[in-house]
Amino acid sequence: MTRQAKAMLDSWMSLREADFRRIVSHSSLTADMKQALYRINLRHAWWETGDDEAHRMARRIMKHIRKRIPFPNPMHCRTMSMDGKIASIQPSNGGEYYHWARISTLTRNKPIHAPLIIHADLEPHLHPDDPETLANHLQLRVNEDGTLTARLMTTQDKPPVRQTGDTIGLDWGMQSLFATSTGRLYGLRLFAWLKQRDDELLALIRDLARSNVRYKQSKRYRRFNKRIRDYVTNEVNRVLNLIADDQVRELVVEDLDFRHGGLSKHMNRLVTRAGRGAVRRKLRRLESATGITVTPVNPAYTSQECPSCGGSARILAHFGLRPAL
């Protein structure tokens, strides 16, 4: 639990670092003050003892951020991550289930033995010759409807970093899921599919409002949301698998979002959360599984001003991130 609480706090601090940087970059502060605040933000030294103007300003900014987004409360966490000290994965001696989880309890020498159903996508990795092996780790999630979902994790040796291949820039958004620096567009069908689901979502929300039913209390609403998240995740994985083939050495990623003017605020919020998470998880997966280097870049002004000449040339010609228009 200590490791899980630390991961939760680390995630909060990483997100607030981006919020802090965004506030400073859009402010009217002097260039010297911005540089001082950037250095403080990089060290996460927002509450560092210091009476100079930069530290005072950093504390004011973080006070403003914490009013909007307070520290995470572990009591609201629905997921429990259990390593081998708490839950050990054991093969079965026969019967209907092939694996069992032995979970320790507060009563000495009285563990709980729970059968595990292996997902079809995980079964190929249980073969002895597969480089990806089952880890002695169990993740348990309490769903909003009160049911439990157990997830097993796998591990594999990290491959060497690729030294040969092409460097491809990725600009991701909604109208086309990904646009590459080579001028190719991927995921063009996603927006049309989401537009259809958006109409259905709005109709469902109106029905729930007329019935005085809260969104989270509706199983139909939760299933509909899960369907959208799963579709976005599958599309992200499919497209990135197509892009990251054997000839790619590095992916330079411009971090945008999935919001689009043609969708409702409910759909934009849902898809933005699902899309960002799916892209980041898949990029981490590509790094750890294939050795491709993923380099994030700040999207601000990359398609308006050339960093080399200061002119209006497109980023394809100078930065390798967007196709020329």
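This briefing walks through the fold, cores, helix packing and a few individual residues of the structure above. The model is a predicted one, with a mean pLDDT of 79 for the protein chain. The chain holds 7 helices and 11 strands, and 35% of its 325 residues count as buried.

**Confidence and overall contacts**

- A pLDDT of 70 or more is reached by 85% of the residues in the protein chain.
- Please take some care with residues 305-325, where pLDDT stays under 50 throughout. The model still gives this stretch 41 contacts beyond four places in sequence.
- Among contacts in the chain with a separation of 6 or more, 57% are between residues 24 or more positions apart.

**An open antiparallel sheet**

- Three strands make up an open sheet, ordered 1-5-6, and their pairing is antiparallel.
- Strand 1 (79-82) and strand 6 (148-155) sit at the edges, each pairing on one side only.
- From one strand to the next, the twist averages 25 degrees.
- Strand 5, covering residues 133-142, is joined to strand 6 by 7 bridges, and the two run antiparallel.
- If you would like a handy place to start tracing this pairing, look at V142, whose bridge partner in strand 6 is L148.

**Two nonpolar cores**

- The largest nonpolar core has 36 residues, and the members that touch the most others are F178, L194, I228 and L251.
- Which elements give two or more residues to this core? They are strand 7 (166-172), helix 4 (190-210), helix 5 (219-243), strand 10 (248-254) and helix 6 (265-290).
- A second core, separate from the one above, contains 16 residues, including F20, I40, A45 and A58.
- As a general background point, nonpolar side chains in soluble globular proteins tend to be buried together.
- F178 is worth a visit in the viewer: setting aside residues up to four places away in sequence, F178 touches L170, D171, W172, R184, L185, Y186, V239, L240, I243 and V279.

**Helix 2 against helix 3**

- Packed helices are generally described by the angle and the distance between their axes.
- For helix 2 (residues 31-42) and helix 3 (residues 53-68), the packing angle is about 65 degrees and the axes are 9 Å apart.
- Is the crossing of helix 2 and helix 3 right-handed or left-handed? Helix 2 passes helix 3 in a right-handed crossing.
- On the helix 2 side, the contact is made by M33, A36, L37 and I40. These meet E53, A54, H55, M57, A58 and I61 of helix 3.
- Two of these contact residues, I40 from helix 2 and A58 from helix 3, also appear in the second core.

**Two residues to look at**

- S88 belongs to strand 2 (residues 87-91). Is S88 buried or exposed? S88 counts as buried because its relative accessibility is 15%, which falls under the 20% cut-off.
- Outside its neighbours within four places in sequence, S88 contacts W100, A101, R102 and N136.
- A289 is found in helix 6. With a relative accessible area of 28%, A289 is partly exposed, since that value lies between the 20% and 50% limits.
- How far apart are the C-alpha atoms of A289 and K158? They are separated by 6.5 Å, although the two residues are 131 residues apart along the chain.
- Beyond its neighbours within four places in sequence, A289 is in contact with Q156 and P159.

Definitions and conventions: Residues are numbered from 1 along each chain as its sequence is written. This is a predicted model: local features need pLDDT of at least 70, side-chain atom pairs count only at pLDDT 80 or more; totals for chains, interfaces and linings use all residues. Side-chain values use heavy atoms; hydrogens and water are left out. Two strands pair if DSSP finds at least two bridges between them. Helices (H or I, at least four residues) and strands (E, at least two) are DSSP runs, numbered from the N terminus. Axes are lines fitted to C-alpha atoms, for helices over the stretch in contact, and angles run from 0 to 180 degrees between N-to-C directions. A nonpolar core is a set of buried Ala, Val, Leu, Ile, Met, Phe, Trp, Tyr and Cys residues joined through side-chain atoms within 4.5 Å. Buried means under 20% relative accessible area, exposed over 50%, partly exposed in between (1.4 Å probe, protein chains only). Contact means heavy atoms within 4.5 Å. pLDDT is the predictor's confidence in each residue, from 0 to 100. A crossing is left-handed if the near helix is turned anticlockwise from the far one by less than a right angle, and right-handed if clockwise.
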